[in-house]
Amino acid sequence: MKSHAKVVVIGGGVVGCSVLFHLARHGWTDVVLLERDELTSGSTWHAAGGMHTINGDPNVAKLQKYTISLYKEIEELSGQATGVHLTGGVLLAATEARLDWLRGVVAKGRYLGIDLEEISPNEAAELMPLLDPKQFVGAVRNKEDGHLDPSGVTHAYAKAARKLGAEVERFTKVEDIVRRPDGSWRVITNKGEAVAEHVVNAGGLWAREVGRMVGLELPVLAMEHMYLITEDMPEVAAWNQKTGTEIIHAVDFDGELYLRQERGGMLMGTYEKANKPWSEFQTPWNFGHELLEPDIDRIAPSLEVGFRHFPAFQNTGIKQIINGPFTFAPDGNPLVGPVRGLPGFWVACGVMAGFSQGGGVGLALSNWMIEGDPGADIWAMDVARYGDWATMAYTNAKVRENYSRRFSIRFPNEELPAGRPLKTTPVYDALSAKGAQWGVSYGLEVPLWYAPDGVRDEFSWRRSSDFDHVAKEVAAVRGGVGLAEISNFAKYAVTGEGAAAWLDRMLACKLPKRGRMTLAPMLKNDGRLIGDFTLANIDDGEWFIAGSGIAEQYHMRWFEAHLPKNGSVRIEALGQKLTGLAIAGPKARDVLAKVTRADVSNAAFPFMAVARMDIGMAPCLVGRVSYTGDLGYEIWVAPEYQRAAFGALTAAGEEFGIGLFGSRALNALRLEKNYGSWAREYRPIYGPLEAGLDRFVAYGKEADFIGKAAALAERKQGGKLRLRAFIVDAADADVIGDEPIWFDGAVRGWVTSGGYAHHAKRSVAMGYVPREIADEADGFEIEILGKRHGARIQSAPLFDANFERMRA
Ligand SMILES: Cc1cc2nc3c(=O)[nH]c(=O)nc-3n(C[C@H](O)[C@H](O)[C@H](O)COP(=O)(O)OP(=O)(O)OC[C@H]3O[C@@H](n4cnc5c(N)ncnc54)[C@H](O)[C@@H]3O)c2cc1C
């Protein structure tokens, strides 16, 4: 075994082999993969081998498309057959709600370049002869579905990697991983040690155990999964003979089933409701090529639906039932990337669809390691989307929920209950008593809206039971004053004698003076966004940053990787050590003035001022800024004082008719000001000019901030895209995000977010279009639920375009 390598990849399943191949293809050949047994000794060998391009997240869908396109290349390079059968497939809907969802998938496919087409049940039956068209209301045809040989693909990656110079060591079990004083890693195996600059955990079924070697508890859990293979079926033989082709794939969402031809019979798999985790706490090291005991009773309810939807199954015998374990993260997407606090330690695990996603995971990881950036928007797969709150018990609850809902519809207003409530703030009970309907953000319960007794969310793609109530919350803000809980923001304290100089390099904005705040875009080396914050200079040397709550770990990874080694700067993610309240609306100042002795007049405390002040008896940090775009204040308070501050504000607000508002109302309010949000409008694939954040970039400042040269180049060249806000002629359904934007009859852009702006009484969408058409007055349409609606660019915000309210 090599004693030194630039990279050691642990795990020879499909994912580890793909990572190895991609590193080698990218030019890093001093790389070695260690596998404790033969290749494919985890979940890979018994997979059903299905592959699909569609995914709920369009960026993951792009990587799936890439994965499928890769098989020809690795087959040619390695000389190893991958057994790819690109049969195509049908996605079936048995309900109108499912068909609405499928139409959304077809729409996304238009800008992703995925060839999808809505067809009728009868047309679906012409393509897939085993289905009973009477059981379905519609279908979608996907030409890029298929299946392959799991072992062949894994060996093809490994052989191709070896041809490029990488090494594979089988029967080499990694037993421990120890950090060396110089930051490199000692990888200790049953066959000796290797020192490596980078270690990749692609341990699949043992990813948790490999993580534990470096003190990590990864949110991953294996689930048992079953599929059956039938005896040969005459219907299959007849079709093969008649058409000369295989029976195509089918996904029956309402039956929660997937099907494909397997030799002369069929393979049918299901994600059953009565699911079962496997090895909840510890994966046995002696597990390898065994299968688990099948349990047909567990899958019987799904099979019953399957036999009804595909009647030919009623007349055939079951030849074999395969039951094997494979791993999931709580949301079902992979965990990929560098791990915060462990430089040089990477994960590529929790990959539940290795044959659709393995290539994309390998590509992103190798780009990231070699170029410092994944080269694509992989937020949905980034390991940093989870924090310490994703404990083993939380993961268990969430993975089981996710498994049981693998093919279920998730409506845009649907909140999933498992693993909740987990993190709550001190006002949780008080807000619940007022009817708060809770969502969750980064593990924290967040009030979405306030429901009167007996009213709850009716899950729908269309405007729903919350509509009128959210409208009232919006009216309370615009007409008087509203109060919201905003503890879900990420909050950071930056201190130390080097803090100002460091922030000047990290952030692209001009640093604010003492007692002032500014909007602060943060760029990567390639000049694209990696964050957007509010930066407050509380006192020179003491800085406060507020940003996206879901990206706390993501941003801390970036911040910490750039801290000076001499300890002159300290940054702390405050999490729920600091909670938040916000008041907004024309009467917000009157409320604040009643609860503090500080002078909060416009002259003394203008827009973008920040100061410590007491609210009632509670010491707080108050910033005059509001995401509602109205006169407003964000109030940061230690949790032990949050109830006191909340009580003082609600009592003072009574005479002004203060009303609670939740994040849905906040969304409606920010939309009519054209304010973007992280992970929707602002993502690491857009430049500041494209995203309209260039006005906050201090291109001329002295500090050589990260991404400066690239941002200057973007400004000179003009960028490719523009973020625009649209008014949409929608009737009863608004955009959710990821809908296509049409221009002159062709899809030219995509929606990032939107909804109904209740005060302006308009349906609004934000999204990116090419720069060349970004100022066109006419010709736009936005597709919602399969129908195109006229849309016009909103040149000025619908609310307070002249800042008369915000700055008053
Ligand atoms: C019944 C079933 C059906 C499936 N059907 C499909 C399908 O149709 N399509 C699809 O895309 N996916 C399917 N999957 C899922 C697919 O199998 C997984 O996505 C894939 O196998 C994940 O691969 P991996 O490389 O991450 O993990 P694994 O295959 O588990 O590989 C991990 C490897 O790491 C090695 N290892 C672990 N720890 C160490 C260590 N300390 N030292 C050295 N080596 C170590 C293991 O021996 C193992 O070989 C199915 C899974 C099952 C169980």
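Here are three short exercises, with worked solutions, on a predicted model.

**Exercise 1.** Find out which residues surround the ligand and how they divide into nonpolar, polar and charged.

*Solution.* Start with the shell: 39 residues surround the ligand. Glu35, Arg36, Thr44, Gly50 and Val351 are the closest of them. Next, sort the shell by type, which gives 19 nonpolar, 17 polar and three charged residues.

**Exercise 2.** Look for backbone atoms of valine 14, alanine 48 and valine 351 that make polar contacts with the ligand, then work out how much of the ligand the protein covers.

*Solution.* A polar contact needs a pair of N or O atoms within 3.5 Å. Take valine 351 to begin with: a polar atom of its backbone is 2.6 Å from a ligand oxygen. Move on to alanine 48, where a backbone N or O atom and a ligand nitrogen lie 2.9 Å apart. Then try valine 14, whose backbone has a polar atom 3.2 Å from an oxygen of the ligand. Now turn to cover: on its own the ligand has 1,000 Å² of accessible area, and the protein covers 98% of that. Finally, helix H1 (14–25), strand E12 (221–230), strand E17 (318–328) and helix H9 (354–371) each give two or more residues to the shell.

**Exercise 3.** Trace the open sheet of five strands and name its edges.

*Solution.* Write down the strand order, E24-E25-E26-E23-E27, and note that the pairing is antiparallel. Strand E24 (516–523) and strand E27 (570–573) pair on one side only, making them the edge strands. On average, neighbouring strands here are turned by 25° against each other, direction ignored. Last, zoom in on E24 and strand E25 (residues 529–539): eight bridges join this antiparallel pair. For methionine 522, the bridge partner in E25 is glycine 531.

Note on methods: Residues are numbered from 1 along each chain as its sequence is written. This is a predicted model: local features need pLDDT of at least 70, side-chain atom pairs count only at pLDDT 80 or more; totals for chains, interfaces and linings use all residues. Side-chain values use heavy atoms; hydrogens and water are left out. A residue is near a molecule or strand if one of its heavy atoms lies within 4 Å of it. A polar contact is a pair of N or O atoms within 3.5 Å; within protein, one must be able to donate a hydrogen and the other to accept it, and residues adjacent in sequence count only if both atoms are side-chain atoms. Accessible areas come from the Shrake-Rupley method with a 1.4 Å probe; for residues, only the protein chains shown count as cover. Helices (H or I, at least four residues) and strands (E, at least two) are DSSP runs, numbered from the N terminus. Ala, Val, Leu, Ile, Met, Phe, Trp, Tyr, Cys and Pro count as nonpolar, Asp, Glu, Lys and Arg as charged, and the others, Gly among them, as polar. Two strands pair if DSSP finds at least two bridges between them. Axes are lines fitted to C-alpha atoms, for helices over the stretch in contact, and angles run from 0 to 180 degrees between N-to-C directions.
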